[in-house]
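Q: Could you take me through this model before I go back to the bench? I'd like to start with how the chains touch.

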Amino acid sequence: MTAPAGPPAAIVLERASRWYGNVVAVNDVSFSVGAGITSLLGPNGAGKTTILHMLAGLLRPSAGRVLLGGQPAWRNPAVYRFVGLVPEREAVYDFLTGREFVEMCAKLQRLPDPAAAAARAIATVDLEPAAGRAIGTYSKGMRQRVKIAGALVHDPTILLLDEPFNGMDPRQRLHMIELLRSMAAQGRAILFSSHILEEVERLAEQVLVINAGRLAAAGDYRQIRRLMTDRPHTFVVRSSDNRRLAAAFLAEPAVFGAELQDGRLNVRVAEFSGFTRIVARVARDAAVTLYEVAPTDDSLESVFAYLTSRR
Amino acid sequence: MTIFPEVARVTLRALVGRRRTVLMLLLAGVPILVGLLVRANSDGIAEVGPTLDGLVVRIILPLVALVFGTAALGSELEDGSAVHLLTKPISRTTIVLAKVAVAGTLTAALTVPSTIVTAILLAEPGADVVGITVSLGIGVFAGSYLYASIFAALSILTSRGLLLGLGYALIWEGLLAGLLPGTQVFSVREYVRGIVHLVSPSVIDSVVGNAAVPYAAIALVAALAIASYRLATYEVRGSD
């Protein structure tokens, strides 16, 4: 693959909103991302697909502006010359073979040598052995890869992917991560959505956290990770003497409160890592044996809710 | 100009070679079967035009066009695979034209031969077989594209294109437009009758007469324009 030419690899949302009747799916979101890999992270139903579809010209923004390489995508098919979209839905033309589908994409992009471009894209996603088979016979992971091949056959400067790792096995996932990294290294802007923190952790340099249609946090992955861990937490502790341990914890500045409940001790702390550093020492000093220490609210949803409430 | 044939080729692949085509072949065979029955028991009939109007133009043609017209674009919009076509640097009008061209051609490929063979079977000795077959053939040919464009537009306007199209074909075209005076101006069936009448006046009488051609042209352009506009502003809603 060559370095992309054409409009700048820039994806911009300016106070973009989208509502369906009375339901607000995306609420006043602004961000600007350039070359590199950026993740749209959020729980299911947060508005990630709505944002990607607005970017891809498949939804009209209800308010605000949405620009790809400086151009709006809505009612402007010309942007698809330098944009590729990998939709979340699995439907592809089942009656075509993988190669026929990617060649169709190449021809519709008016590429000078569609067959060669298709062969390159198929090799890139590692789908050569199955390229001659009808897409109807493909597994979920193979469908995902043929969609990606179709989206990058014209070497787009901007690649939008909606939950690209769905249905992929770990080996394919790793291959895809390498592929996206190499594409980003060539100066492309890659924006992918995900609800799985581990995927984002391994791939994205920049993270946009979306919750309930709003941009909850944006920035460098490590920074977001810190925000996620260093927030008020509740731990459940079981020990040989909960009452004594509670008194010992309450003497610590990092601990907000402790309460006994059904033979367990609930400890409210200022931040995750601060507590994990002191818990063993406090128990030892109080001569109490710890049986169990577990964070209670580490679901991604609670993390997102916290990030949203912080604003 | 490689886009139109490519979209048309893929559409053709989607539409033929499936159970749908076999069913449509059977449907187009019904008039021929009727013709064979009539032929086996008589020397033919005098009223070939009105008979084929009632059988093909009123029932078979709209049904075949309905299936191909709504399947050409509506079914891929429905299952989401159309996204791959919509996110290409091609005008949505080109997509509509290619889809309608294929749906109309497939409809014509089934209904025109069916009409001609049936007309030959039904024609009594001494009848103007050339005039009958040519006029009916041209009428059904034109009707195929007109119906296909209307049903394609309907399938973009609503996700219930097949159901609404069936209602329109059976209730409006099949019943009301034939019964009530004044409604004929808005009936594809009447346009087809008018075109047949224009080519060979003795085959069938027509209420709209020569105006059938401009009416049909306006209806075709309107359907294509509505379909193009709706596809250009088509919104794909995601799961969230």
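A: Contact here means heavy atoms within 4.5 Å. On that basis, the contact takes 36 residues from chain A and 34 residues from chain B. This is a predicted model in which local features need pLDDT of at least 70 and side-chain atom pairs count only at pLDDT 80 or more, while totals for chains, interfaces and linings use all residues. Residues are numbered from 1 along each chain as its sequence is written, chains are lettered from A and ligands numbered from 1 in the order in which they are written, and side-chain values use heavy atoms, with hydrogens and water left out.

Q: What area is buried between chain A and chain B?
A: About 3200 Å², with carbon and sulfur atoms giving 59% of that; buried area is the accessible area (1.4 Å probe) that two parts lose on being put together, summed over both.

Q: And which three residues supply more of the area that chain A buries than any other three?
A: Those are Y93(A), F95(A) and L108(A), which supply 21% of the area that chain A buries against chain B.

Q: Switching topic, how is chain A divided into domains?
A: Chain A has domain 1 (11–228) and domain 2 (230–310), with bounds that come from an automatic or database domain assignment. The centres of the two, taken over C-alpha atoms, are separated by 40 Å.

Q: Now chain B: at what angle do helix 6 and helix 7 of chain B pack?
A: Helix 6 (residues 129–157) of chain B and helix 7 (residues 161–179) of chain B pack at about 135°, their axes being 8 Å apart. Helices (H or I, at least four residues) are DSSP runs numbered from the N terminus, and axes are lines fitted to C-alpha atoms, for helices over the stretch in contact, with angles from 0 to 180 degrees between N-to-C directions. The two helices of chain B, 6 and 7, are therefore oblique to each other (angles under 35 degrees count as roughly parallel, over 145 as roughly antiparallel, 65 to 115 as roughly perpendicular and the rest as oblique).

Q: Which residues of helix 6 of chain B make that contact?
A: Helix 6 of chain B uses Y147(B), I150(B), F151(B), L154(B) and S155(B), and among its partners on helix 7 of chain B are L164(B) and Y168(B).

Q: What about helix 3 of chain B against helix 6 of chain B, what is the angle there?
A: Helix 3 (residues 48–79) of chain B packs against helix 6 of chain B at about 35°, with the axes 7 Å apart.
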